[in-house]
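Biologist: I would like a close look at the empty space inside this model. Start there, then work outward through the neighbouring parts.

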Amino acid sequence: MKVLVIGGAGYIGSHVVKALMKAGHKVTVFDNLSSGLRQNLFAENDFIYGNILLTEDLEGAFSQGFDAFVHLAAFKAAGESMIKPEKYSVNNITGTLNIMNAAVKYGCHNMIFSSSAAVFGEPEYLPMDEEHPKKPVNYYGFTKLKIEEFMDWYDQLKGLKFAALRYFNAAGYDPEGVVCGLEQKPENLLPRIMEAALGKRELKVFGTDYDTRDGTCIRDYVHVTDLADAHVRALEYISKNGKSIKLNLGTEKGTTVKELLDAARKITGKAIPAEDVERRPGDPASLYTSSKKAKELLGWEPKYSDVDTLVETTWKAYNK
């Protein structure tokens, strides 16, 4: 298939592009390089420099004729979204509607959307499955939930088939070392641990008295290569079956802050000092999802999401 990957020069997007190419698809990347990197682009692919807020850019891209598109062009800092909701409204919501309008105008009716487990909010039970109540606690999660609702309507009214893939924390780097452009301004724990290992930042552990197996928070870290594989499988599923799906992607058990930090100390050989501080307000003790439905429908299972592989592949990228 001819696939347009919007945000394909970014951290997750570049891994998705690599997986699509490996599966035999013809890929074109659409990106404004605000957070994506030119070093993440592959010579085999066409590249369109464009902005999702400019309809002429999107129509120019979709008019070239694509069988499907992957949408990864969103702002994703949950904390910032509570301070600058207007920024997230314009980019995440308006930008996505621009993309969908251009896609259906030019007959591209297969959409893979990088959603988020942030659509669920505080866990009412664990692991969180697809039926878990959706009560986002930050504006970022709200934008993702609204987009899922827009896609439901476009499916019904315009025949746009989609896969919404929900996950918490993408982590790790390409095990083959081909994609190694570092994520810009990372918010997640593992990149911060790597920066601390290189002496570039101080590290804090927020809360050590949670009701978890070692007292630190549990979060669901999924290797970016596993996520990329799910994007490819989801595309093949909706194009073959002609039906939309919403799926959670996770490890079903999660990893604690201490487990991640201990693995990093072992693998990097660095002391990585970390200061134990008070809990952050609103941080749940545990957040992790079930991926049972993804296994049933896509045959997807994470292969690289064990703690050591997450840390090893990230350290190799940072150590370059």
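Biologist: How many cavities of 30 Å³ or more does the structure hold?

Modeller: The structure holds one. First, the ground rules. This is a predicted model, numbered from 1 along each chain as its sequence is written; local features need pLDDT of at least 70, side-chain atom pairs need 80 or more, and totals for chains, interfaces and linings use all residues. Side-chain values use heavy atoms, without hydrogens or water.

Now the cavity (on a 1 Å grid over the protein atoms alone, points where a 1.4 Å probe fits but cannot get out; lining residues have an atom within 4 Å of a point). The largest cavity has a volume of about 40 Å³ (the space filled by probe spheres set on points joined across faces, edges and corners). Its lining is Tyr11, Ala170, Ala171, Gly172, Tyr173, Glu183, Leu190, Pro191 and Thr314. Strand β7 (169-171) and helix α6 (189-197) each supply at least two of these lining residues (DSSP runs, numbered from the N terminus: helices are H or I, at least four residues; strands are E, at least two). By class, the cavity lining has six nonpolar, two polar and one charged residues (Ala, Val, Leu, Ile, Met, Phe, Trp, Tyr, Cys and Pro are nonpolar; Asp, Glu, Lys and Arg charged; the others, with Gly, polar).

Two of the lining residues lead on to His15. The backbone oxygen of Tyr11 lies 2.8 Å from a polar side-chain atom of His15. This is a polar contact (N or O atoms within 3.5 Å; within protein, one able to donate a hydrogen and the other to accept it; sequence-adjacent residues only if both atoms are side-chain atoms). His15 also touches Tyr173 (contact: heavy atoms within 4.5 Å). Other partners of His15, not counting residues up to four places away in sequence, are Asp174, Val179, Val224, Thr225 and Ala228. His15 sits in helix α1. At 3% relative accessibility, His15 counts as buried (buried is under 20%, exposed over 50%, partly exposed in between; 1.4 Å probe, protein chains only). His15 and Ala228 are 213 residues apart in sequence, yet 5.9 Å apart in space, C-alpha to C-alpha.

Next, the second largest pocket (an open set of grid points with protein on both sides within 12 Å along at least five of seven lines). This pocket has a volume of about 420 Å³. It is lined by 18 residues; nearest its centre are Ala19, Lys22, Thr225, Asp229 and Tyr304. Helices α1 (11-22) and α7 are the elements that give two or more residues to this pocket's lining. The largest share, seven residues, comes from α7. The pocket lining has six nonpolar, two polar and 10 charged residues.

Helix α7 matters again in the packing count. The largest nonpolar core has 61 residues, and Leu20 and Ile193 touch the most other members (a core is buried Ala, Val, Leu, Ile, Met, Phe, Trp, Tyr and Cys joined through side-chain atoms within 4.5 Å). Helix α7 (residues 224-241) gives the most to this core, nine residues. A second, separate core of 25 residues includes Leu58, Phe62, Ala102 and Met151. Leu20 touches Val3, Val5, His25, Val27, Val70, Val232 and Leu235, leaving out residues up to four places away in sequence.

Now Ser305. Ser305 lies in the loop between α9 (292-298) and α10 (307-318). At 10% relative accessibility, Ser305 counts as buried. The side chain of Ser305 reaches the backbone nitrogen of His223 at 2.8 Å. A polar contact of 2.7 Å joins the side chains of Ser305 and Asp226. Ser305 and Leu227 are 78 residues apart in sequence and 9.7 Å apart in space, C-alpha to C-alpha.

Ser305 also touches Thr251. Thr251 is in the loop between β11 (245-248) and β12 (255-256). The side chain of Thr251 makes a polar contact with the side chain of Asp220, at 2.7 Å.

The loop between β11 and β12 also holds Glu252. Most residues other than glycine have a negative phi, and most peptide bonds are trans. Glu252 has a positive phi of about 70 degrees. At 29% relative accessibility, Glu252 counts as partly exposed. Ile272 has a positive phi too, near 45 degrees. Ile272 lies in the loop between α8 (257-268) and β13 (274-277), and at 2% relative accessibility it counts as buried. The peptide bond from Leu126 to Pro127 is cis, with omega near -10 degrees. Pro127 is in the loop between β5 (110-114) and α5 (139-158).
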